[in-house]
Amino acid sequence: MYLADYHIHSRVSPDAGDSMTALAEAAVAAGLDEICFTDHVEPIVWNSTDLRGPYGWSVLTEEFDRAREAMGDRIQLRLGIELGDACWNFAHTEKLLADAPPFDFIIGSVHMLSERFGGVDLYYFDPKTEEEAWAGIADYLGQVKKMAEWGKFDVLGHLTLPLRYLNENRGWSLSMDRFGSEITDIFAILNRKGLGIELNTNRGNTPLPDGMWLRLYEDMMCDPIVTLGTDAHAARFVGCAVRERQALLKECGFTHFCTFEGRRPVRHAL
């Protein structure tokens, strides 16, 4: 069994604190064969809707080089980013990426609701009624669809992310079952563009997305591309539930999962 964690945040991200070297050491201890660092990159200033200035890529690449030197051949390390909320301003996002270093992998993700909701981050979205919660999920999926249509990434991250915050943090018991049409449309766009999805292990909580949507994705895709990532923001979560989620993929009809090298998928049998 080949084990990889393709969604890990280091201290280069504003919401994480461990070095890439510490995270890689944790991956080795967890028995992983490969990891990809995917620190946050957004077109806006963290926790605001203001456009950000040029990104300091050297901070990212120097941190990665230190980890590679420290780890040697003990584990395969890849460099990626989680490209969040590009739909807030696609033109500015592309400007930021113009001088980026070569990456192995890019997750495209949405964390913020649209202007209708003031650009609130899902972490802070606190609906007072179920109707408001449904409206927020619908708005989120609209942003995800825009992201998919833009398509300048490799896999779509944590598709059902609102459920992490609404159910686990806010105490709701919601599903996305009523949004089958919207999710089908998103998968159709991904299929047309040859893009994949992430199975986010959610650090051992409800997988994002769960089996219902994984089966739909596998059924719709000409050539399914799926990565596994923990969304670890600390060393203790690296590799969490990766083995169990490989089993889930197999149950849902997948025959392989993917890692990436130079933005090209590498397939591994389940």
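These are my notebook entries on the sheet, helix 5, the salt bridges and the ring pairs of a predicted model.

**Entry 1: the sheet**

I started with strand order. I found an open sheet of seven strands, ordered 1-2-3-4-5-6-7, with parallel pairing. Its edges are strand 1 and strand 7 (226-229), each of which pairs on one side only.

Then I went along the first few pairings. Strand 1 (residues 4-8) runs parallel to strand 2, and three bridges join them. I noted one residue pair here: I8 has F37 of strand 2 as its bridge partner. To get from strand 1 to strand 2 the chain passes through helix 1 (residues 20-29), and I logged this β-α-β crossover as right-handed.

On to the next neighbour. Strand 2 and strand 3 (residues 76-84) are parallel and share eight bridges. Here E34 is partnered by Q76 in strand 3. The connection goes through helix 2 (residues 57-71), and this β-α-β crossover from strand 2 to strand 3 is right-handed.

Last one for this entry: five bridges hold strand 3 and strand 4 (residues 105-109) in a parallel pairing. L83 sits opposite G108 of strand 4.

**Entry 2: how enclosed is strand 2?**

I asked myself how many of the residues of strand 2 (residues 34-41) are buried. The count came out at eight of the eight, so strand 2 is largely enclosed by the rest of the structure. I split the strand by face to check. One side has E34, C36, T38 and H40, the other has I35, F37, D39 and V41, and all are buried. So both faces of strand 2 are covered.

**Entry 3: helix 5**

I looked up helix 5 (residues 161-169) next. L161, P162, L163, R164, Y165 and L166 are buried there. Among the elements covering these buried residues I noted helix 4 (130-150) and strand 6 (196-200). After the helix comes G171, with a positive phi near 85°.

**Entry 4: salt bridges**

A search over the whole structure gave me 11 salt bridges. I followed up three of them.

E63 and R66 pair with their closest N and O atoms 2.8 Å apart. Both are in helix 2, three residues apart, which is about one turn of the helix. General reminder to self: an α-helix has 3.6 residues a turn, so residues three or four places apart point the same way. Which of the two partners is buried and which is partly exposed? E63 counts as buried, because its relative accessibility is 3%. R66 is partly exposed at 44% relative accessible area. I also saw that R11 joins E63 and R66 in a network of salt bridges.

E261 and R78 come next, with 3.4 Å between the closest N and O atoms. E261 is in strand 8 (residues 256-261) and R78 in strand 3, so this pair ties together parts that are 183 residues apart in sequence. E261 is partly exposed at 44% relative accessibility, whereas R78 is buried, with a relative accessible area of 13%.

The third was K128 with D126, whose closest N and O atoms are 3.1 Å apart. I have K128 down as exposed, because its relative accessible area is 63%. D126 is partly exposed at 33%.

**Entry 5: rings**

I counted 12 aromatic pairs in the structure. The one I opened up was F105 with F260: a tilted pair, 5.0 Å centre to centre, with 40° between the planes. F105 belongs to strand 4 and F260 to strand 8, so to speak a link between distant parts of the chain, 155 residues apart. F105 is buried at 0% relative accessible area, and F260 is buried at 2%. Ring pairs also bring in Y6, which forms a cluster with F105 and F260.

What kind of pair do Y123 and Y124 make? Their ring centres are 5.1 Å apart and their planes meet at 80°, so I logged the pair as edge-to-face. Y123 is partly exposed, with a relative accessibility of 44%.

Finally I looked for charges over rings. R178 lies over the face of W134, 3.8 Å from the ring centre. R203 has its charged end over the ring of F237, at 5.8 Å from the centre.

Technical notes: Residues numbered from 1 in each chain as written. Predicted model: local features only at pLDDT ≥ 70, side-chain atom pairs only at ≥ 80, totals over all residues. Heavy atoms only, no water. Buried < 20%, exposed > 50% of the residue type's maximum accessible area, 1.4 Å probe, protein only. Helix = DSSP H or I, 4+ residues; strand = E, 2+ residues; numbered from the N terminus. Contact = heavy atoms within 4.5 Å. Pairing = 2+ DSSP bridges. Right-handed = clockwise from strand over helix to strand, strands pointing away. Salt bridge = Lys/Arg side-chain N within 4 Å of Asp/Glu carboxyl O. Phe/Tyr/Trp six-rings, centres within 6.5 Å; stacked < 30°, edge-to-face > 60°. Lys NZ or Arg CZ within 6 Å of the ring centre and 35° of its normal.
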